[in-house]
Amino acid sequence: MESMNDGVLVIDRAGVVKTINPEYSRITGVTPDIIGKSLISYRPGAKLPETLVSGESQVGVYRKTHNREYVVDMAPVIVEDEIVGAVSVCKSLNEVQLLTRELEKQRQRVKELQEQISAFHKVRYTFEDIITNDPKMKERISIAKKTATTDLPILIKGESGTGKELFAQAIHHTSLRSAKPFIPVNCSAIPSEMIENELFGHSEGAFPGAFEEGKAGLFEMADGGTLFLDEVSDLSLDVQAKLLRVLQEGAIRRIGEAAERRVDVRIVASTNRDLHQRIAKGLFRNDFMYRLNTVVLQIPPLRDRKADIPFIAKSVLSAREDVDQEVMTFLTKYDWPGNVRELRNVLDFAMCMADEDERIIIRHLPEIMQKQYRLYDEETEVFPLYKAVEAAERTILESTLQSSGTTVEDRQEVANKLGISLATLYNKMKKYKIR
Ligand SMILES: Nc1ncnc2c1ncn2[C@@H]1O[C@H](COP(=O)(O)OP(=O)(O)O)[C@@H](O)[C@H]1O
Ligand SMILES: [Mg+2]
(Lines give C-alpha, C1' and ligand atoms only; values in the text may rest on other atoms or scores of the structure.)
(Ligands and ions follow the chains in the order given, each with its own letter.)
Protein backbone atom coordinates (compact mmCIF):
# COMPACT_ATOMS: atom_id res chain seq x y z
CA MET A 1 0.00 0.00 0.00
CA GLU A 2 2.82 2.42 0.86
CA SER A 3 4.62 1.96 -2.42
CA MET A 4 1.71 1.70 -4.86
CA ASN A 5 1.32 4.14 -7.74
CA ASP A 6 -2.45 4.20 -7.32
CA GLY A 7 -4.35 5.82 -4.49
CA VAL A 8 -6.37 3.42 -2.36
CA LEU A 9 -9.16 4.04 0.16
CA VAL A 10 -11.06 1.24 1.94
CA ILE A 11 -14.33 1.46 3.88
CA ASP A 12 -16.08 -1.20 5.96
CA ARG A 13 -19.73 -2.23 5.65
CA ALA A 14 -20.75 0.76 7.79
CA GLY A 15 -19.04 3.20 5.49
CA VAL A 16 -16.24 3.98 7.93
CA VAL A 17 -12.81 4.58 6.42
CA LYS A 18 -10.46 1.74 7.35
CA THR A 19 -7.36 2.91 5.55
CA ILE A 20 -5.87 5.18 2.86
CA ASN A 21 -2.38 5.09 1.36
CA PRO A 22 -0.01 8.05 0.83
CA GLU A 23 -0.70 8.14 -2.91
CA TYR A 24 -4.41 8.62 -2.18
CA SER A 25 -3.54 11.67 -0.09
CA ARG A 26 -1.27 12.98 -2.81
CA ILE A 27 -3.87 12.65 -5.53
CA THR A 28 -6.98 13.79 -3.66
CA GLY A 29 -5.57 15.97 -0.90
CA VAL A 30 -7.41 13.93 1.77
CA THR A 31 -5.29 13.56 4.93
CA PRO A 32 -4.97 10.33 7.02
CA ASP A 33 -7.12 11.74 9.83
CA ILE A 34 -10.10 10.56 7.77
CA ILE A 35 -9.29 7.03 9.00
CA GLY A 36 -11.93 5.86 11.50
CA LYS A 37 -14.48 8.44 10.34
CA SER A 38 -17.61 7.98 8.24
CA LEU A 39 -16.64 8.71 4.61
CA ILE A 40 -19.95 10.29 3.67
CA SER A 41 -19.84 12.77 6.55
CA TYR A 42 -16.20 13.61 5.80
CA ARG A 43 -16.70 13.93 2.06
CA PRO A 44 -20.39 14.50 1.38
CA GLY A 45 -20.04 13.98 -2.39
CA ALA A 46 -18.39 10.56 -2.06
CA LYS A 47 -19.75 7.85 -4.34
CA LEU A 48 -18.10 4.83 -2.73
CA PRO A 49 -20.84 4.21 -0.10
CA GLU A 50 -23.30 3.58 -2.99
CA THR A 51 -21.21 0.53 -3.86
CA LEU A 52 -22.04 -0.99 -0.48
CA VAL A 53 -25.71 -0.91 -1.47
CA SER A 54 -25.55 -1.76 -5.18
CA GLY A 55 -22.71 -4.25 -4.92
CA GLU A 56 -21.60 -3.12 -8.39
CA SER A 57 -18.19 -2.05 -9.58
CA GLN A 58 -17.61 1.20 -11.43
CA VAL A 59 -14.64 1.86 -13.64
CA GLY A 60 -13.06 5.11 -14.77
CA VAL A 61 -15.29 7.61 -12.99
CA TYR A 62 -13.95 11.11 -13.55
CA ARG A 63 -13.77 13.25 -10.40
CA LYS A 64 -12.78 16.80 -9.80
CA THR A 65 -12.54 18.17 -6.28
CA HIS A 66 -10.66 21.22 -5.04
CA ASN A 67 -9.11 21.62 -8.50
CA ARG A 68 -7.68 18.10 -8.49
CA GLU A 69 -8.64 15.83 -11.34
CA TYR A 70 -8.52 12.06 -11.07
CA VAL A 71 -10.13 8.89 -12.27
CA VAL A 72 -11.61 6.37 -9.79
CA ASP A 73 -12.41 2.67 -9.96
CA MET A 74 -14.77 1.47 -7.23
CA ALA A 75 -15.54 -2.09 -6.18
CA PRO A 76 -17.33 -3.86 -3.35
CA VAL A 77 -15.31 -6.23 -1.11
CA ILE A 78 -17.23 -9.48 -1.01
CA VAL A 79 -16.52 -12.32 1.46
CA GLU A 80 -18.66 -15.44 1.23
CA ASP A 81 -21.34 -13.68 -0.83
CA GLU A 82 -21.56 -10.86 1.60
CA ILE A 83 -20.56 -7.22 1.04
CA VAL A 84 -18.17 -6.45 3.86
CA GLY A 85 -16.80 -3.18 2.55
CA ALA A 86 -15.70 -1.29 -0.55
CA VAL A 87 -12.48 -0.13 -2.05
CA SER A 88 -11.72 2.89 -4.21
CA VAL A 89 -8.64 2.97 -6.42
CA CYS A 90 -7.74 6.29 -8.03
CA LYS A 91 -5.28 7.47 -10.57
CA SER A 92 -4.29 11.02 -11.09
CA LEU A 93 -5.18 12.17 -14.62
CA ASN A 94 -1.73 11.46 -15.82
CA GLU A 95 0.41 13.57 -18.05
CA VAL A 96 -0.45 11.60 -21.17
CA GLN A 97 -4.14 12.20 -20.72
CA LEU A 98 -3.61 15.89 -20.16
CA LEU A 99 -1.40 16.08 -23.23
CA THR A 100 -3.97 14.22 -25.28
CA ARG A 101 -6.53 16.83 -24.37
CA GLU A 102 -4.11 19.64 -25.17
CA LEU A 103 -3.31 17.99 -28.49
CA GLU A 104 -6.99 17.77 -29.31
CA LYS A 105 -7.40 21.48 -28.60
CA GLN A 106 -4.43 22.30 -30.83
CA ARG A 107 -5.73 20.05 -33.60
CA GLN A 108 -8.97 21.97 -33.52
CA ARG A 109 -7.05 25.23 -33.69
CA VAL A 110 -4.99 24.03 -36.67
CA LYS A 111 -8.17 23.01 -38.42
CA GLU A 112 -9.68 26.44 -37.85
CA LEU A 113 -6.55 28.16 -39.15
CA GLN A 114 -6.44 25.95 -42.22
CA GLU A 115 -10.04 26.85 -42.97
CA GLN A 116 -9.15 30.51 -42.59
CA ILE A 117 -6.20 30.12 -44.97
CA SER A 118 -8.47 28.47 -47.52
CA ALA A 119 -11.03 31.24 -47.19
CA PHE A 120 -8.28 33.84 -47.61
CA HIS A 121 -7.01 32.16 -50.72
CA LYS A 122 -10.24 31.60 -52.57
CA VAL A 123 -9.87 32.34 -56.26
CA ARG A 124 -11.84 35.15 -57.87
CA TYR A 125 -11.97 33.90 -61.45
CA THR A 126 -13.50 30.94 -63.23
CA PHE A 127 -13.49 29.90 -66.89
CA GLU A 128 -16.70 31.92 -67.34
CA ASP A 129 -14.66 35.07 -66.75
CA ILE A 130 -12.39 34.47 -69.72
CA ILE A 131 -13.95 36.60 -72.43
CA THR A 132 -13.00 35.44 -75.91
CA ASN A 133 -14.40 34.58 -79.28
CA ASP A 134 -11.13 33.37 -80.72
CA PRO A 135 -10.85 29.74 -81.89
CA LYS A 136 -7.27 29.35 -80.58
CA MET A 137 -8.28 30.69 -77.18
CA LYS A 138 -11.31 28.43 -77.08
CA GLU A 139 -9.08 25.45 -77.77
CA ARG A 140 -6.76 26.48 -74.91
CA ILE A 141 -9.75 26.80 -72.58
CA SER A 142 -10.95 23.34 -73.50
CA ILE A 143 -7.50 21.84 -72.81
CA ALA A 144 -7.35 23.72 -69.52
CA LYS A 145 -10.77 22.45 -68.49
CA LYS A 146 -9.87 18.87 -69.34
CA THR A 147 -6.59 18.89 -67.45
CA ALA A 148 -7.84 20.99 -64.51
CA THR A 149 -9.28 17.97 -62.70
CA THR A 150 -6.00 16.01 -62.92
CA ASP A 151 -2.90 16.67 -60.85
CA LEU A 152 -0.74 17.21 -63.94
CA PRO A 153 1.56 20.22 -63.79
CA ILE A 154 0.51 22.98 -66.20
CA LEU A 155 2.77 25.60 -67.75
CA ILE A 156 1.01 28.73 -69.02
CA LYS A 157 2.99 30.74 -71.56
CA GLY A 158 2.14 34.17 -72.80
CA GLU A 159 2.98 37.85 -72.78
CA SER A 160 2.21 40.01 -69.79
CA GLY A 161 -1.50 40.79 -69.48
CA THR A 162 -2.76 37.95 -71.68
CA GLY A 163 -4.63 36.34 -68.77
CA LYS A 164 -2.17 33.73 -67.46
CA GLU A 165 -3.21 34.20 -63.84
CA LEU A 166 -6.85 34.21 -64.91
CA PHE A 167 -6.30 30.76 -66.42
CA ALA A 168 -4.43 29.54 -63.33
CA GLN A 169 -7.28 30.62 -61.05
CA ALA A 170 -9.93 29.10 -63.31
CA ILE A 171 -7.98 25.81 -63.33
CA HIS A 172 -7.82 25.75 -59.54
CA HIS A 173 -11.51 26.62 -59.29
CA THR A 174 -12.45 23.72 -61.55
CA SER A 175 -10.06 21.24 -59.89
CA LEU A 176 -10.95 18.90 -57.05
CA ARG A 177 -8.72 21.10 -54.89
CA SER A 178 -10.93 24.18 -55.09
CA ALA A 179 -11.85 24.07 -51.38
CA LYS A 180 -8.14 24.25 -50.52
CA PRO A 181 -5.86 27.27 -50.97
CA PHE A 182 -4.64 28.74 -54.26
CA ILE A 183 -1.29 30.30 -53.39
CA PRO A 184 0.34 32.55 -55.99
CA VAL A 185 4.10 33.06 -55.73
CA ASN A 186 5.48 35.94 -57.74
CA CYS A 187 8.90 34.48 -58.48
CA SER A 188 10.23 37.73 -59.91
CA ALA A 189 9.15 39.89 -56.97
CA ILE A 190 10.67 37.91 -54.09
CA PRO A 191 14.42 38.55 -53.65
CA SER A 192 16.29 35.31 -54.35
CA GLU A 193 17.83 35.15 -50.86
CA MET A 194 14.29 35.24 -49.40
CA ILE A 195 12.59 32.83 -51.73
CA GLU A 196 13.60 29.63 -49.96
CA ASN A 197 12.33 31.02 -46.69
CA GLU A 198 9.07 32.00 -48.41
CA LEU A 199 8.62 28.66 -50.14
CA PHE A 200 9.82 26.22 -47.49
CA GLY A 201 9.63 28.18 -44.22
CA HIS A 202 12.06 27.77 -41.33
CA SER A 203 12.43 26.04 -37.98
CA GLU A 204 12.63 27.93 -34.69
CA GLY A 205 15.73 30.08 -34.44
CA ALA A 206 16.99 28.96 -37.86
CA PHE A 207 18.68 32.31 -38.38
CA PRO A 208 18.83 35.71 -36.66
CA GLY A 209 15.42 37.31 -37.15
CA ALA A 210 13.66 33.98 -37.64
CA PHE A 211 10.29 33.51 -35.96
CA GLU A 212 10.62 31.95 -32.52
CA GLU A 213 8.19 29.12 -33.25
CA GLY A 214 9.39 28.78 -36.83
CA LYS A 215 7.30 29.61 -39.85
CA ALA A 216 5.43 27.59 -42.46
CA GLY A 217 6.35 28.28 -46.08
CA LEU A 218 4.01 28.74 -49.02
CA PHE A 219 4.29 25.02 -49.89
CA GLU A 220 2.84 24.08 -46.51
CA MET A 221 0.16 26.75 -46.81
CA ALA A 222 -0.84 25.39 -50.20
CA ASP A 223 -1.05 21.81 -48.88
CA GLY A 224 -3.95 20.07 -50.59
CA GLY A 225 -4.34 22.99 -52.99
CA THR A 226 -2.53 24.68 -55.87
CA LEU A 227 0.77 26.56 -55.88
CA PHE A 228 0.98 29.07 -58.74
CA LEU A 229 4.61 29.80 -59.67
CA ASP A 230 4.14 33.09 -61.51
CA GLU A 231 7.01 34.16 -63.83
CA VAL A 232 8.86 30.96 -63.03
CA SER A 233 11.68 31.79 -65.47
CA ASP A 234 12.94 34.41 -63.03
CA LEU A 235 13.93 31.83 -60.39
CA SER A 236 17.65 31.44 -59.75
CA LEU A 237 19.28 28.18 -60.80
CA ASP A 238 19.80 26.93 -57.26
CA VAL A 239 16.19 27.58 -56.27
CA GLN A 240 15.18 25.70 -59.42
CA ALA A 241 17.31 22.75 -58.28
CA LYS A 242 15.69 22.77 -54.84
CA LEU A 243 12.20 23.05 -56.30
CA LEU A 244 12.89 20.19 -58.67
CA ARG A 245 13.84 18.02 -55.69
CA VAL A 246 10.67 18.98 -53.84
CA LEU A 247 8.50 18.18 -56.86
CA GLN A 248 10.19 14.80 -57.23
CA GLU A 249 10.03 13.86 -53.54
CA GLY A 250 6.69 15.43 -52.65
CA ALA A 251 8.28 16.63 -49.43
CA ILE A 252 9.86 19.84 -48.21
CA ARG A 253 12.38 20.60 -45.52
CA ARG A 254 12.10 23.84 -43.56
CA ILE A 255 15.34 25.84 -43.35
CA GLY A 256 17.24 24.64 -40.26
CA GLU A 257 15.17 21.49 -39.85
CA ALA A 258 16.35 17.94 -40.41
CA ALA A 259 13.04 16.16 -40.88
CA GLU A 260 11.06 16.33 -44.11
CA ARG A 261 7.39 17.25 -44.21
CA ARG A 262 5.12 15.73 -46.83
CA VAL A 263 3.16 18.21 -48.93
CA ASP A 264 0.46 17.54 -51.48
CA VAL A 265 0.57 20.45 -53.90
CA ARG A 266 -0.47 20.85 -57.53
CA ILE A 267 1.86 23.08 -59.53
CA VAL A 268 0.72 25.58 -62.12
CA ALA A 269 3.49 27.81 -63.48
CA SER A 270 3.55 30.78 -65.83
CA THR A 271 6.22 32.44 -67.92
CA ASN A 272 6.34 35.39 -70.29
CA ARG A 273 9.80 34.40 -71.49
CA ASP A 274 10.86 31.66 -73.85
CA LEU A 275 12.16 28.89 -71.58
CA HIS A 276 14.12 27.20 -74.37
CA GLN A 277 16.04 30.42 -74.90
CA ARG A 278 16.65 30.69 -71.14
CA ILE A 279 17.95 27.09 -71.19
CA ALA A 280 20.26 27.86 -74.13
CA LYS A 281 21.66 30.80 -72.14
CA GLY A 282 22.25 28.52 -69.12
CA LEU A 283 19.70 30.40 -67.03
CA PHE A 284 17.09 27.67 -66.78
CA ARG A 285 17.33 24.00 -65.96
CA ASN A 286 16.25 21.59 -68.64
CA ASP A 287 15.05 18.96 -66.16
CA PHE A 288 13.10 21.56 -64.20
CA MET A 289 11.27 22.67 -67.35
CA TYR A 290 10.26 19.09 -68.06
CA ARG A 291 8.83 18.88 -64.54
CA LEU A 292 6.58 21.87 -65.22
CA ASN A 293 5.45 21.49 -68.79
CA THR A 294 3.46 18.26 -68.91
CA VAL A 295 0.59 20.42 -70.12
CA VAL A 296 1.43 23.61 -72.01
CA LEU A 297 -1.07 26.40 -72.59
CA GLN A 298 0.18 29.05 -75.00
CA ILE A 299 -1.99 32.15 -74.64
CA PRO A 300 -1.83 34.27 -77.81
CA PRO A 301 -1.25 38.04 -77.48
CA LEU A 302 -4.24 40.29 -78.13
CA ARG A 303 -2.84 41.62 -81.43
CA ASP A 304 -2.93 38.05 -82.79
CA ARG A 305 -6.64 37.79 -82.06
CA LYS A 306 -7.89 41.16 -83.20
CA ALA A 307 -11.52 40.09 -83.20
CA ASP A 308 -11.27 39.69 -79.43
CA ILE A 309 -10.56 43.41 -79.04
CA PRO A 310 -14.06 44.72 -79.87
CA PHE A 311 -15.49 41.57 -78.27
CA ILE A 312 -13.79 42.20 -74.93
CA ALA A 313 -14.33 45.97 -75.23
CA LYS A 314 -18.07 45.53 -75.73
CA SER A 315 -18.28 43.21 -72.76
CA VAL A 316 -16.36 45.62 -70.52
CA LEU A 317 -18.37 48.58 -71.76
CA SER A 318 -21.64 46.64 -71.58
CA ALA A 319 -23.56 49.44 -69.91
CA ARG A 320 -22.11 52.01 -72.31
CA GLU A 321 -23.26 51.13 -75.75
CA ASP A 322 -22.49 54.43 -77.33
CA VAL A 323 -18.90 54.20 -78.49
CA ASP A 324 -17.66 56.18 -81.46
CA GLN A 325 -16.86 53.94 -84.40
CA GLU A 326 -13.57 55.81 -84.76
CA VAL A 327 -12.64 54.64 -81.23
CA MET A 328 -13.50 51.01 -81.97
CA THR A 329 -11.53 51.11 -85.23
CA PHE A 330 -8.53 52.56 -83.45
CA LEU A 331 -8.69 50.08 -80.55
CA THR A 332 -8.75 47.23 -83.05
CA LYS A 333 -5.77 48.58 -85.00
CA TYR A 334 -3.66 49.33 -81.89
CA ASP A 335 -0.88 46.90 -80.98
CA TRP A 336 -1.71 46.34 -77.26
CA PRO A 337 1.77 45.52 -75.88
CA GLY A 338 0.11 45.21 -72.44
CA ASN A 339 -2.60 42.96 -73.88
CA VAL A 340 -5.95 42.57 -72.10
CA ARG A 341 -4.68 44.29 -68.96
CA GLU A 342 -3.86 47.42 -71.01
CA LEU A 343 -7.16 47.25 -72.87
CA ARG A 344 -9.13 47.06 -69.64
CA ASN A 345 -7.20 49.99 -68.17
CA VAL A 346 -7.81 52.16 -71.25
CA LEU A 347 -11.53 51.36 -71.22
CA ASP A 348 -11.86 51.99 -67.49
CA PHE A 349 -10.17 55.36 -67.96
CA ALA A 350 -12.38 56.32 -70.91
CA MET A 351 -15.55 55.36 -69.03
CA CYS A 352 -14.42 57.58 -66.20
CA MET A 353 -13.66 60.54 -68.52
CA ALA A 354 -16.88 60.45 -70.50
CA ASP A 355 -20.07 61.66 -68.82
CA GLU A 356 -22.67 58.97 -68.33
CA ASP A 357 -24.84 59.81 -71.33
CA GLU A 358 -21.95 60.91 -73.51
CA ARG A 359 -20.64 58.73 -76.32
CA ILE A 360 -17.03 57.65 -75.89
CA ILE A 361 -14.77 59.44 -78.35
CA ILE A 362 -10.99 59.55 -78.94
CA ARG A 363 -10.66 62.55 -76.61
CA HIS A 364 -11.75 60.34 -73.68
CA LEU A 365 -8.81 57.97 -74.12
CA PRO A 366 -5.66 58.38 -72.01
CA GLU A 367 -3.26 61.03 -73.35
CA ILE A 368 -0.73 58.42 -74.43
CA MET A 369 -3.37 56.61 -76.50
CA GLN A 370 -4.44 59.86 -78.14
CA LYS A 371 -0.81 60.39 -79.13
CA GLN A 372 -0.78 56.88 -80.56
CA TYR A 373 -3.95 57.72 -82.41
CA ARG A 374 -2.39 60.79 -84.04
CA LEU A 375 0.74 58.83 -84.96
CA TYR A 376 -1.33 56.02 -86.35
CA ASP A 377 -3.29 58.51 -88.41
CA GLU A 378 -0.17 59.94 -90.02
CA GLU A 379 1.28 56.53 -90.73
CA THR A 380 -1.69 54.84 -92.37
CA GLU A 381 -2.00 55.05 -96.11
CA VAL A 382 -5.77 55.31 -96.27
CA PHE A 383 -6.51 58.35 -94.18
CA PRO A 384 -3.89 61.07 -94.81
CA LEU A 385 -5.24 62.63 -98.04
CA TYR A 386 -8.79 62.76 -96.80
CA LYS A 387 -7.55 64.15 -93.48
CA ALA A 388 -5.34 66.73 -95.25
CA VAL A 389 -8.22 67.84 -97.50
CA GLU A 390 -10.44 68.26 -94.49
CA ALA A 391 -7.79 70.29 -92.66
CA ALA A 392 -7.26 72.59 -95.66
CA GLU A 393 -11.02 73.01 -96.18
CA ARG A 394 -11.47 73.92 -92.54
CA THR A 395 -8.65 76.50 -92.60
CA ILE A 396 -10.05 78.23 -95.71
CA LEU A 397 -13.58 78.27 -94.31
CA GLU A 398 -12.45 79.66 -90.99
CA SER A 399 -10.37 82.48 -92.45
CA THR A 400 -13.00 83.51 -95.00
CA LEU A 401 -15.80 83.50 -92.45
CA GLN A 402 -13.72 85.45 -89.95
CA SER A 403 -13.27 88.38 -92.33
CA SER A 404 -16.98 88.70 -93.05
CA GLY A 405 -20.20 89.47 -91.20
CA THR A 406 -22.78 87.05 -89.82
CA THR A 407 -26.01 88.00 -91.61
CA VAL A 408 -27.54 85.74 -94.25
CA GLU A 409 -26.40 88.20 -96.93
CA ASP A 410 -22.82 88.08 -95.61
CA ARG A 411 -22.93 84.27 -95.66
CA GLN A 412 -24.26 84.25 -99.22
CA GLU A 413 -21.34 86.47 -100.20
CA VAL A 414 -18.86 83.98 -98.66
CA ALA A 415 -20.56 81.09 -100.49
CA ASN A 416 -20.27 83.00 -103.78
CA LYS A 417 -16.59 83.69 -103.11
CA LEU A 418 -15.91 79.97 -102.48
CA GLY A 419 -18.06 78.86 -105.40
CA ILE A 420 -20.46 76.76 -103.31
CA SER A 421 -24.15 77.03 -102.46
CA LEU A 422 -25.36 78.62 -99.22
CA ALA A 423 -26.69 75.23 -98.05
CA THR A 424 -23.29 73.58 -98.61
CA LEU A 425 -21.62 76.39 -96.65
CA TYR A 426 -23.96 75.83 -93.70
CA ASN A 427 -23.39 72.06 -93.86
CA LYS A 428 -19.64 72.46 -93.78
CA MET A 429 -19.83 74.98 -90.92
CA LYS A 430 -21.83 72.44 -88.97
CA LYS A 431 -19.39 69.64 -89.80
CA TYR A 432 -16.38 71.62 -88.57
CA LYS A 433 -18.33 73.21 -85.71
CA ILE A 434 -17.63 76.76 -86.92
CA ARG A 435 -20.07 79.48 -85.80
N1 LIG B 1 -9.75 36.87 -71.88
C2 LIG B 1 -9.95 37.73 -70.87
N3 LIG B 1 -11.18 38.12 -70.54
C4 LIG B 1 -11.39 39.00 -69.54
N5 LIG B 1 -10.43 39.54 -68.80
C6 LIG B 1 -9.17 39.20 -69.08
C7 LIG B 1 -8.85 38.27 -70.12
N8 LIG B 1 -7.52 38.12 -70.18
C9 LIG B 1 -7.02 38.90 -69.19
N10 LIG B 1 -7.98 39.55 -68.54
C11 LIG B 1 -7.82 40.53 -67.45
O12 LIG B 1 -6.61 41.22 -67.69
C13 LIG B 1 -5.89 41.43 -66.47
C14 LIG B 1 -4.54 40.76 -66.56
O15 LIG B 1 -4.69 39.34 -66.54
P16 LIG B 1 -3.63 38.38 -65.85
O17 LIG B 1 -4.24 37.04 -65.75
O18 LIG B 1 -3.13 38.99 -64.59
O19 LIG B 1 -2.47 38.40 -66.94
P20 LIG B 1 -0.99 37.84 -66.87
O21 LIG B 1 -0.89 37.00 -65.64
O22 LIG B 1 -0.83 37.07 -68.13
O23 LIG B 1 -0.09 39.04 -66.82
C24 LIG B 1 -6.78 40.88 -65.38
O25 LIG B 1 -7.55 41.95 -64.86
C26 LIG B 1 -7.64 39.89 -66.09
O27 LIG B 1 -8.87 39.73 -65.44
MG1 LIG C 1 0.63 37.81 -64.19
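Q: Where does arginine 177 lie in this predicted model?
A: Arginine 177 sits in the loop between α6 and β7 (182-186).

Q: Why is arginine 177 called buried?
A: The relative accessibility of arginine 177 is 8%. Buried means under 20%. So arginine 177 counts as buried.

Q: What makes the pair of arginine 177 and glycine 224 a polar contact?
A: A polar atom of the arginine 177 side chain lies 3.2 Å from the backbone oxygen of glycine 224. The limit for such a pair of N or O atoms is 3.5 Å. The pair therefore falls within the limit.

Q: Why is ligand 1 said to lie between two domains?
A: Domain 2 (119-298) gives residues to the shell around ligand 1, and so does domain 3 (303-379). Ligand 1 therefore lies between them. The full division of the protein also includes domain 1 (7-93) and domain 4 (384-431). The centres of domain 1 and domain 4, taken over C-alpha atoms, are 119 Å apart.

Q: Which residues come nearest to ligand 1?
A: They are Ile131, Gly161, Lys164, Leu166 and Arg344, out of 15 residues around the ligand. By class, the shell holds five nonpolar, four polar and six charged residues.

Q: What makes the backbone of isoleucine 131, glycine 163 and leucine 166 a set of polar partners for ligand 1?
A: The distances do. A polar backbone atom of isoleucine 131 is 2.9 Å from a nitrogen atom of ligand 1. For glycine 163, a backbone N or O atom lies 3.2 Å from a ligand oxygen. For leucine 166, a polar backbone atom is 3.0 Å from an oxygen atom of the ligand. A polar contact needs N or O atoms within 3.5 Å. Each of these pairs therefore qualifies.

Q: How much of ligand 1 does the protein bury?
A: Taken alone, ligand 1 exposes 560 Å², and the protein buries 88% of that. Two elements, α6 (164-174) and α14 (339-353), each give two or more residues to the shell.

Q: How do you know that the buried residues of α13 share a side?
A: In helix α13 (residues 325-333), Val327, Met328, Phe330 and Leu331 are buried. Their arc around the axis is only 165 degrees, which puts them on the same side of α13. At the start of α13, a side-chain oxygen of aspartate 324 comes within 2.9 Å of the backbone nitrogen of glutamate 326.

Q: Why is tryptophan 336 called buried?
A: Tryptophan 336 has 0% relative accessibility. The cut-off is under 20%, so tryptophan 336 counts as buried. Its place is in the loop between α13 and α14. Its phi is near 50 degrees, a positive value in a residue other than glycine.

Q: Why is lysine 433 called exposed?
A: Lysine 433 has 75% relative accessibility. Exposed means over 50%, so lysine 433 counts as exposed. Lysine 433 lies in the segment after α18 (422-431). Phi of lysine 433 is positive too, near 55 degrees.

Q: What makes the buried residues of α17 line one face?
A: The buried residues of helix α17 (residues 408-418) are Arg411, Val414 and Ala415. Down the axis they fall within an arc of 100 degrees, so they line one face of the helix. An α-helix has 3.6 residues a turn, so residues three or four places apart point the same way. On the other side of α17, Glu409, Glu413, Asn416 and Lys417 are exposed.

Q: What follows α17?
A: Glycine 419 does, with a positive phi near 70 degrees.

Conventions: Residues are numbered from 1 along each chain as its sequence is written. Chains are lettered from A and ligands numbered from 1 in the order in which they are written. This is a predicted model: local features need pLDDT of at least 70, side-chain atom pairs count only at pLDDT 80 or more; totals for chains, interfaces and linings use all residues. Side-chain values use heavy atoms; hydrogens and water are left out. Buried means under 20% relative accessible area, exposed over 50%, partly exposed in between (1.4 Å probe, protein chains only). Helices (H or I, at least four residues) and strands (E, at least two) are DSSP runs, numbered from the N terminus. The arc is that of the directions from the helix axis to the C-beta atoms. A polar contact is a pair of N or O atoms within 3.5 Å; within protein, one must be able to donate a hydrogen and the other to accept it, and residues adjacent in sequence count only if both atoms are side-chain atoms. A residue is near a molecule or strand if one of its heavy atoms lies within 4 Å of it. Accessible areas come from the Shrake-Rupley method with a 1.4 Å probe; for residues, only the protein chains shown count as cover. Ala, Val, Leu, Ile, Met, Phe, Trp, Tyr, Cys and Pro count as nonpolar, Asp, Glu, Lys and Arg as charged, and the others, Gly among them, as polar. Domain bounds come from an automatic or database domain assignment.
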